Amino acid sequence: MKKALIIYGSTTGNTEDMAGMVKAEFEQADFEVEVKEVTQAAVADLTADHDLILLGCPAYGDDEIELQEDFAEFYEKLNGIQLNGKPFAVFAPGDSTYEHFCGSVDMLEDKMNDLGGKMVNDGLKIDGDPTDAEGEIETWVESTAASVG
C-alpha cells in the first residue's frame, strides 16, 4: 500500500476541512494516509518513508503572498533539505477576490521544486468553502494518485 503524508496549516478551519477531504479520497484510492497539522510536523517528515507528500496552506495578503502563520514558520525551515525526487502536490482553499488567489500553492510548488521534489499534479486551488467543491477534490485526488508510480 502506498503511503501519503498531508501537512497542513489552518486558521479558519477551511484548510483543515480540505485536508480531511483529501485524506478520505486518498484512502479510497488505497493509500495509507498520515495527517499532521504543521505545528506538529518536522521538516524531516518530508524525507521520511512516504510515497507522496501533500501540502495544504491558505494564503493571505493583498500586496504579496503571505502564508498561513504556522506554515510560514515551517516554510522558513525548509532551506537545505534535499527531496531527491520525492513526489509532491499542493492544495489550498482561497478567495478569488484576492490578487494572489491561492498564491501559497505556487509559492510551495516553487520551493518544493527548488528542493528537488517532483511535482506530480498541478496544485488544487479551491475558491471558497472546500465542502462545496467535493467533485473537484475527488477528481484532483484521482489524478494525483494515478501519477504516483
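# Reading the predicted model: why each label applies

The UniProt record, an unreviewed entry, places the feature "domain: Flavodoxin-like" at residues 4-145. The model discussed here is predicted.

User: What makes up the chain over residues 4-145?

Analyst: Over that stretch the chain is 33% helix and 25% strand. Its end C-alpha atoms are 10 Å apart.

User: How many disulfides does a search of the whole structure find?

Analyst: Zero. Take Cys 57: the nearest cysteine sulfur, that of Cys 102, is 9.9 Å away. A disulfide needs the two sulfur atoms within 2.5 Å, so Cys 57 is in no disulfide. Cys 102 is in no disulfide either, with the sulfur of Cys 57 as its nearest cysteine sulfur at 9.9 Å.

User: Why is Cys 57 called buried?

Analyst: Its relative accessibility is 0%. Buried means under 20%, so Cys 57 counts as buried.

User: Why is Cys 102 called buried?

Analyst: Cys 102 has a relative accessible area of 3%. That value falls under 20%, so the label is buried.

User: Where is Cys 102, and what is its phi?

Analyst: Cys 102 sits in the loop between β6 and α3 (103-114). Its phi is positive, about 50 degrees, although Cys 102 is not a glycine.

User: Which other residue has a positive value of phi without being glycine?

Analyst: Asn 84, with phi near 45 degrees. Asn 84 belongs to the loop between α2 (69-76) and β6.

User: Why is Asn 84 called exposed?

Analyst: Asn 84 has 67% relative accessibility. Exposed means over 50%, so Asn 84 counts as exposed.

User: What does Gln 82, also in the loop between α2 and β6, touch?

Analyst: Not counting residues up to four places away in sequence, Gln 82 touches Thr 47 and Leu 115. Gln 82 and Glu 66 are 16 residues apart in sequence and 24 Å apart in space, C-alpha to C-alpha.

User: Why is Asp 129 called partly exposed?

Analyst: Its relative accessibility is 33%. Partly exposed covers the range between the 20% limit for buried and the 50% limit for exposed, so Asp 129 fits that label. Asp 129 lies in the loop between β8 and α4 (134-147). Asp 129 and Gly 94 are 35 residues apart along the chain, yet their C-alpha atoms are separated by 8.2 Å.

User: What lines the largest pocket?

Analyst: Its lining has 18 residues. Ala 59, Tyr 60, Pro 93, Gly 94 and Asp 95 lie nearest the centre of the pocket. About 260 Å³ of space lies in it.

User: Which helices and strands each supply at least two residues of that lining?

Analyst: α1 (14-28), β4 (59-60) and β6 (87-94).

User: How do the lining residues divide by type?

Analyst: Seven are nonpolar, ten are polar and one is charged. Gly counts as polar here, so Gly 94 goes in the polar group.

User: Why is Thr 15 called buried?

Analyst: Thr 15 has a relative accessible area of 1%. The limit for buried is under 20%, so the label applies. Thr 15 lies in helix α1. Leaving out residues up to four places away in sequence, Thr 15 touches Tyr 8, Gly 9, Ser 10, Gly 56, Cys 57, Pro 58, Phe 91 and Pro 93.

User: What makes Leu 67 count as buried?

Analyst: Its relative accessibility is 12%. Buried means under 20%, so Leu 67 qualifies. Leu 67 lies in strand β5 (residues 66-67). Residues up to four places away in sequence aside, Leu 67 touches Cys 57, Pro 58, Tyr 60, Ala 72, Tyr 75, Ser 104 and Met 107. The C-alpha atoms of Leu 67 and Glu 99 are separated by 14 Å, with their places 32 residues apart along the chain.

User: Why is Leu 124 called buried?

Analyst: Leu 124 has a relative accessible area of 6%. That is under 20%, so Leu 124 counts as buried. Leu 124 is found in strand β8 (residues 124-127).

User: What is Leu 124 in contact with, leaving aside neighbours within four places in sequence?

Analyst: Met 18, Val 90, Phe 91, Ala 92, Val 105, Glu 136, Ile 137 and Trp 140. Each has heavy atoms within 4.5 Å of Leu 124, so each counts as a contact. Leu 124 and Glu 138 are 14 residues apart in sequence and 11 Å apart in space, C-alpha to C-alpha.

Terms used
Residues numbered from 1 in each chain as written. Predicted model: local features only at pLDDT ≥ 70, side-chain atom pairs only at ≥ 80, totals over all residues. Heavy atoms only, no water. UniProt positions renumbered as here; feature names shortened; annotations may be inferred. Helix = DSSP H or I, 4+ residues; strand = E, 2+ residues; numbered from the N terminus. Buried < 20%, exposed > 50% of the residue type's maximum accessible area, 1.4 Å probe, protein only. 1 Å grid on protein atoms, 1.4 Å probe; cavity = no way out; pocket = protein on both sides within 12 Å on 5 of 7 lines; lining within 4 Å. Points joined across faces, edges and corners; volume = space filled by probe spheres on them.
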